[in-house]
Amino acid sequence: MSKPLRSSVGASVPENLQITHTYVFFLIAAMQIGVGILSLERVVVQTTGYDGWISIFITGMVLHVVLWMMYHILADCKGDIVTANQLVFGKYIGGILSLAFSLYILVLTLNVLVSFIEIIRVWVFPSLNLWIFVAFMIALIYYFVVGGFRVITGLCLMSILIGLPILWLKFFPTQAGDTLEIYPIITHSLKEILQGSEVTLFSFLGMELLLIYYPFIKNPQASKKWAHYGVFFTTMIYVVSALAVFIYYSEEQIRQVTWPTISTWKIVQFPFIERFEFIGIAMWMFVIMPNICLGLWGSTRLAKRVFNINQTYVLVIACIVLYLFTGAINERMQIKVLSDYTGNVGMYVYLYIPVLFILMKIKGRWRKMIYE
Amino acid sequence: MSKHIGWCVPFLLIIMTGCIPTYGVEDNAIIQTAGYDPGEENEIQGTVAIPKFIGGEEKSAIEEQYVTVSASSIKSVEDQVQNRISQPVSIGKLNVTLFNEELAEKDLGQFIDVLSRDPRLSRNMFLAVTKGNTKSIIEGGHKKGETISDQLTGLIQNNMNNDFPSTDMHDFLSSYFAFGKDSFLPYLKLEEDKIVLEEIALFDKSKMVATLSKNEMFVFRILKENFNQAMETLNFKEGTVVLENIGNRVQYRVDHRDALPSFTIQLDLKAVINEIRGIEHTVDKKLITEMESDFETYYQTKATEVISLFQEKGIDPLGLGQFYRSRTRNFKENEWDALYKNIPISVQVSVSINEFGITT
């Protein structure tokens with residue numbers, strides 16, 4: 001079973017481990033949608049008020065450009081981020097950068113896990129025994145990741161299919177709310193709107209994993225459009241979700257609500273289930289599972305690529321690290337610090353991609369000149 | 001190793017589900033109604049109603065248990081109730097929360113904070129203000145075969161299909177926090193042994209400042225929202241006429257060309273006449289037109305009265321401030337409160353009486 005992680009030492013991947021290009025859509029969307037969306041609306045309202053949905057839209061549009069750059073980088077170096085870093089910065093600096101990237105993705109994964117467990121603890125089981133619960137969750141995650149990239153892709157597909165029906169719940173808050181709150185549109189300055197875009201970026205993180213799994217795509221050129229569809233899909237879900245929540249809450253009220261999306265599930269009531277948010281939170285497990293698995297896989301895959309070692313060993317170490325940190329970080333304030341930190345680092349990663357893009361292009365031009 | 005994990009994880013997950021203790025409804029003390037009164041020296045007196053479900057086929061007699069405790073904080077009411085009850089207390093099904101008028105006039109801010117913070121509570125819960133003790137309402141309003149919670153939710157729910165504007169905890173919270181909008185709650189009182197909902201308690205932020213009477217309530221609702229059911233008895237000539245609303249439409253307009261904006265509220269009321277008492281009449285076109293114009297003036301004066309009450313108290317349950325902000329660029333929030341009291345608000349009413357029952 002651990003075979004998928006052992007083979008393919010270099011950037012090239014044997015065909016039996018590759019995926020069809022269509023699945024890039026699910027990989028991108030499933031990795032982006034995670035715990036970010038649950039608090040997205042509150043975070044964006046703090047800087048941009050009810051113009052926040054414009055900020056979200058702008059972030060989504062900018063990400064299309066970043067995605068285009070990523071595809072250029074990857075097509076030019078015919079490999080993944082490790083090859084690109086080595087080409088541009090040489091073996092050692094490139095390797096360090098790749099490891100930093102690997103660490104960042106591990107932190108991102110940790111953040112998803114920690115935030116979700118916090119939600120379980122606040123909403124469902126306040127007295128949850130963290131160590132036991134996390135142990136079980138990590139065992140499950142290990143099981144998925146050890147199955148290899150194709151298993152994780154399948155998980156992403158499942159997560160989108162199971163997660164989509166939750167979107168119907170957005171219908172209930174629009175019934176109970178008032179559209180007056182959103183108007184007039186654009187009352188904030190451009191600066192505030194762009195600041196809003198900056199803070200929403202946290203919810204969009206995860207797209208950069210394309211830099212790692214690119215060699216696993218069977219027909220990379222054809223996957224381009226699916227990747228863009230994926231980003232567009234996420235953007236639209238975020239915008240619609242934000243609008244529904246803005247209609248439901250008044251602006252001052254939303255600042256008091258920690259997880260606006262989960263709180264809107266509170267009004268969903270069926271004769272057989274009094275509190276729908278319990279079901280919603282349980283279903284959300286499917287949404288965050290690919291986040292964690294893909295993150296862990298990507299992070300360990302980078303270590304494997306840099307050091308040429310067996311990924312399973314790195315995975316075991318990463319799981320232990322994840323376990324210890326998840327168990328230790330259990331206060332609202334610590335989690336907030338971690339999210340802010342991850343968001344900031346994510347920002348730098350997204351700034352790093354254009355830099356890499358330009359350097360790649362210069363290098364290519366230079367090499368061409370020498371050959372001529 | 002990884003081969004075994006594949007079996008272990010699902011297996012353990014299945015056996016672990018047995019670790020959560022289970023309770024049936026009969027073994028739980030489910031608080032459905034809670035009421036808060038002022039106690040001695042800043043304490044709060046909380047009263048809860050817990051129905052007892054008797055197992056077995058016949059469910060005719062539902063017994064209810066009332067517990068009253070004094071506590072220094074809102075949360076400790078629950079705790080103290082637990083000290084007096086043999087079953088585990090659960091408050092997930094809390095349907096109605098009542099507040100004594102005295103508490104509401106002082107400040108409900110803290111209650112609102114606690115209620116909105118607890119993840120176990122529903123957002124569809126009803127809040128209401130009571131005249132007099134909530135304890136006497138909870139204990140006195142109980143009928144055989146119906147829990148107090150069923151009775152109160154039924155009362156509020158059905159009146160929302162009639163002349164009471166729609167309300168629940170979410171509506172209250174959202175207008176409590178919203179800019180340019182104030183909240184209101186049902187105002188309950190005990191008449192002999194019946195609970196009566198005839199009035200509205202109006203809030204300025206978290207303080208109750210005024211009430212609207214039965215007649216004003218109807219006017220308030222037609223000013224606030226579109227709906228299509230409700231009856232009202234009106235004086236006409238020397239007798240009375242019962243008017244049934246079958247669909248009204250209300251529209252706000254604002255004219256902000258001047259420094260002081262002016263509001264126009266356009267009100268279209270479609271109605272049916274059901275009962276005419278004390279008037280010698282043959283129903284013809286003349287009488288109908290006469291009624292229409294008479295009622296138009298009535299509603300106009302009544303609506304103006306209600307609105308000037310709002311302006312005088314500085315409250316805005318209609319959400320005119322919110323409406324104005326949504327239509328204005330560069331809106332200055334800090335100036336609005338001072339502005340609001342002096343804004344001219346005119347009401348234009350048109351009543352059309354369509355039908356008058358199945359006999360001529």
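# A tour of chains A and B

Start at the end of helix H5 in chain A: H5(A) is followed by Gly90(A), whose phi is positive, near 85°. The model is predicted, and every value below is computed from it.

**Stop 1: helix H5 of chain A**

Step back from Gly90(A) and select residues 81–89 of chain A, which make up helix H5. Its buried residues are Ile81(A), Val82(A), Thr83(A), Ala84(A), Asn85(A) and Val88(A). Which helices do the buried residues of H5(A) pack against? Within chain A they pack against H4 (52–77), H6, H11 (210–213), H15 (276–307) and H17 (332–371). Showing these helices together with H5(A) displays the surroundings of its buried residues.

**Stop 2: cysteines**

Select the cysteine sulfur atoms next. How many disulfides are there over all chains? The count comes to zero. Take Cys319(A) as one case: it is in no disulfide, and the nearest cysteine sulfur, that of Cys293(A), is 9.3 Å away. The cut-off for a disulfide is a pair of cysteine sulfur atoms within 2.5 Å, so this pair does not qualify. Cys319(A) is buried, at a relative accessible area of 7%. Cys77(A) also counts as buried, with 8% relative accessibility.

**Stop 3: a salt bridge within chain A**

Over all chains the structure holds 15 salt bridges. Select Lys218(A) and Glu15(A), whose side chains meet in one of them, at 3.2 Å from N to O. The pair links distant parts of the chain, 203 residues apart. Lys218(A) sits in the loop between H11 and H12 (220–248) of chain A, and Glu15(A) in the loop between H1 (3–6) and H2 (24–32) of chain A. Are the two residues buried or exposed? Lys218(A) is partly exposed, with a relative accessible area of 49%, while Glu15(A) counts as exposed at 54%. The cut-off for exposed is over 50%, which is why Lys218(A) does not get that label.

**Stop 4: the interface**

Now display both chains and select the residues in contact across them: 32 from chain A and 30 from chain B. Together the chains bury about 2,700 Å², with 57% of that area on carbon and sulfur atoms. On the side of chain A, label Phe136(A), Leu180(A) and Lys266(A), which lose the most area to chain B and together account for 21% of what that side buries.

Eight residue pairs are in polar contact across the interface, counting pairs with both residues at pLDDT 80 or more. Colour H6 (91–124), H7 (130–146) and H13 (251–254) of chain A, since each supplies at least two residues of the side that touches chain B. Which helix gives the largest share of that side? H7(A) does, with seven residues. By class, the side of chain A that touches chain B has 19 nonpolar, five polar and eight charged residues.

**Stop 5: the salt bridge between the chains**

Stay at the interface, where the count between chain A and chain B is one salt bridge. Select Glu181(A) and Arg325(B): their closest N and O atoms are 3.3 Å apart. Why does this pair join two chains? Glu181(A) lies in the loop between H9 (171–176) and H10 (190–204) of chain A, and Arg325(B) in helix H10 (residues 320–326) of chain B, so the bridge runs from one chain to the other. Both Glu181(A) and Arg325(B) are buried.

**Stop 6: salt bridges within chain B**

Move into chain B and select Lys189(B) with Glu199(B), a salt bridge with its closest N and O atoms 3.0 Å apart. Lys189(B) belongs to strand S8 (residues 184–191) of chain B and Glu199(B) to strand S9 (residues 194–204), 10 residues apart. Lys189(B) and Glu199(B) are both buried. Then select Lys75(B), Glu78(B), Asp118(B) and Arg120(B), which are linked in a network of salt bridges.

**Stop 7: Asn248 of chain B**

Finish at Asn248(B), in strand S12 (residues 239–255) of chain B. Asn248(B) is buried, with a relative accessible area of 5%. What lies at the polar atoms of its side chain? The backbone oxygen of Glu225(B) is 3.4 Å from a polar atom of that side chain, and the backbone nitrogen of Phe227(B) is 2.9 Å from one. Leaving out residues up to four places away in sequence, Asn248(B) touches Ile222(B), Glu225(B), Asn226(B), Phe227(B), Leu267(B), Asp268(B) and Leu269(B). Glu225(B) and Phe227(B), with their backbone atoms by the side chain of Asn248(B), are thus among the residues it touches.

Conventions
Residues numbered from 1 in each chain as written. Chains lettered and ligands numbered in written order. Predicted model: local features only at pLDDT ≥ 70, side-chain atom pairs only at ≥ 80, totals over all residues. Heavy atoms only, no water. Contact = heavy atoms within 4.5 Å. Buried area = accessible area lost by both parts, 1.4 Å probe. Salt bridge = Lys/Arg side-chain N within 4 Å of Asp/Glu carboxyl O. Polar contact = N/O pair within 3.5 Å; in protein donor to acceptor, adjacent residues only side chain to side chain. Helix = DSSP H or I, 4+ residues; strand = E, 2+ residues; numbered from the N terminus. Nonpolar A, V, L, I, M, F, W, Y, C, P; charged D, E, K, R; others polar. Buried < 20%, exposed > 50% of the residue type's maximum accessible area, 1.4 Å probe, protein only.
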